[in-house]
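Please open the structure in your viewer and keep the selection tool at hand. The stops below say what to pick next and what is found there.

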Amino acid sequence: MRKTAHYRRADHVLGEELTLQQALGHCQDQYPDDSDEFPVFEFKNGVDCYIARHSQMDGREFIHLVTFERGAGAAVIETLQRAGVNEEPAPQAKQFIQSQVFMLCSNDDIIWTSHNQPLRDSAISVLINQLIETFGGFNQAPNYMLLATLDENRFRALMREGIEEIDLNVGGYRETLEYLINNGQIERAGIFSVLKSLGTNDVSQEEREAAEKINARLTLRPGRDWDNLHVKELLSDMATDVLDEDLDDGFAIVTKSGLRITRDTVRVKDDFNVDGNRRVVDVVQVRTGLDAAYAEFRRMGVLER
């Protein structure tokens, strides 16, 4: 199955000034030695989190976290008697998993992927900060915010390597037609000529008013010949124009390297494949996939140096 490795930069907000990797390293020294259970800490809203694995390798921290609701059951259906859907308690000394998070951290760079249930950046931040506050042993525990940031020169260079797509949210249908007619780079070609014909004076007032209420998007993709020099240059130039104009209605530029640039954020991701299904996943393969993503992000020049 396919997993996605997400990259963020950890920004120190409060407490002792340490890198995120240093703070997480302190935690491992504080885990209970004599417990038969995994170290556990409170996550939020009645949900707790087990630290299933925490290890160092190649100078990086690898952490496997598992969130669960203590004592919660799972929905089951009685297939033989048609009795319907009921709730079954978890087996003794086991808990039903809500979500799993796999993290790889180096300095203030963090790469993660989730399983069973996706988690937003804010939830990942809470998990990290709660882990550090519980096991860090600090008088003033450091607190971090995860940021999707990247040096502008770097992401403009990545845009020149190849564009996956340019998604323009140019507003309503009427505004889309005006964009195609007045600002489009391709004149009277295929669907463009058809759309342009709809923007003539032959359209009634009622049709124009209805068009203003329809949302439209324009997505540009390179097709099979994306690596053609002229195609790469044209799409790169178009992406640069979109970036510089900072369209009010928003945009999204996705590069072939997995970089996603919007009006507000710059996000980096990398996909990899592992054995598993929606319930379980091969942890060793996930670690290997995160290591490969780390290497790719370093090649892209997005990691701290």
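Begin by selecting Glu 161, which counts as partly exposed because its relative accessibility is 34%. Bear in mind throughout that this is a predicted model. With Glu 161 still selected, add Arg 154, since the side chains of these two residues meet in a salt bridge with an N to O distance of 3.9 Å. Arg 154 is likewise to be read as partly exposed, its relative accessible area being 24%.

Next, turn to other charged pairs, of which the whole count comes to 14 salt bridges. Select Arg 2 and Asp 271, whose closest N and O atoms are 3.9 Å apart in a salt bridge. This pair links distant parts of the chain, with Arg 2 in strand 1 (residues 2–14) and Asp 271 in strand 14 (residues 266–273), 269 residues apart. Arg 2 counts as exposed at 60% relative accessibility, whereas Asp 271, at 32%, counts as partly exposed.

Now move to Arg 70 and Asp 48, where the side chains form a salt bridge at 3.2 Å, N to O. Here too distant parts of the chain are linked, for Arg 70 sits in the loop between strand 4 (60–69) and strand 5 (74–78), while Asp 48 belongs to strand 3 (residues 47–57), 22 residues apart. Which partner is buried, with a relative accessible area of 13%? That partner is Asp 48, while Arg 70, at 47% relative accessibility, counts as partly exposed. To finish with the charged pairs, select Asp 58, Arg 60, Arg 287 and Asp 291 together, as these residues are linked in a network of salt bridges.

For the surface, select Asp 33, Asp 34, Asp 36 and Glu 37, which form a negative patch. Glu 37 lies in the loop between helix 1 (20–28) and strand 2 (40–44), and its relative accessibility of 49% makes it partly exposed. A nonpolar surface patch can be shown by selecting Val 13, Leu 14 and Met 145, which together have about 280 Å² of accessible area. Of these, Met 145 is placed in strand 9 (residues 143–147) and counts as partly exposed at 44% relative accessibility.

Finally, select helix 2 (residues 121–135), whose 15 residues should span 21 Å at 1.5 Å a residue, in agreement with its end C-alpha atoms, which are 21 Å apart. Among the buried residues of helix 2 are Ile 124, Leu 127, Ile 128, Leu 131 and Phe 135. In an α-helix there are 3.6 residues a turn, so residues three or four places apart point the same way. After helix 2 comes Gly 137, with a positive phi near 70 degrees.

Note on methods. Residues are numbered from 1 along each chain as its sequence is written. This is a predicted model: local features need pLDDT of at least 70, side-chain atom pairs count only at pLDDT 80 or more; totals for chains, interfaces and linings use all residues. Side-chain values use heavy atoms; hydrogens and water are left out. Patches are made of residues with over 30% relative accessible area and no salt bridge: like charges are joined within 9 Å, nonpolar side chains (Val, Leu, Ile, Met, Phe, Trp, Tyr) within 5 Å. Accessible areas come from the Shrake-Rupley method with a 1.4 Å probe; for residues, only the protein chains shown count as cover. A salt bridge is a side-chain nitrogen of Lys or Arg within 4 Å of a carboxyl oxygen of Asp or Glu. Lys and Arg count as positive and Asp and Glu as negative; His and the chain ends are not counted. The place of a charge is taken as NZ of Lys, CZ of Arg, CG of Asp or CD of Glu. Helices (H or I, at least four residues) and strands (E, at least two) are DSSP runs, numbered from the N terminus. Buried means under 20% relative accessible area, exposed over 50%, partly exposed in between (1.4 Å probe, protein chains only). The expected span of a helix is 1.5 Å times one less than its number of residues.
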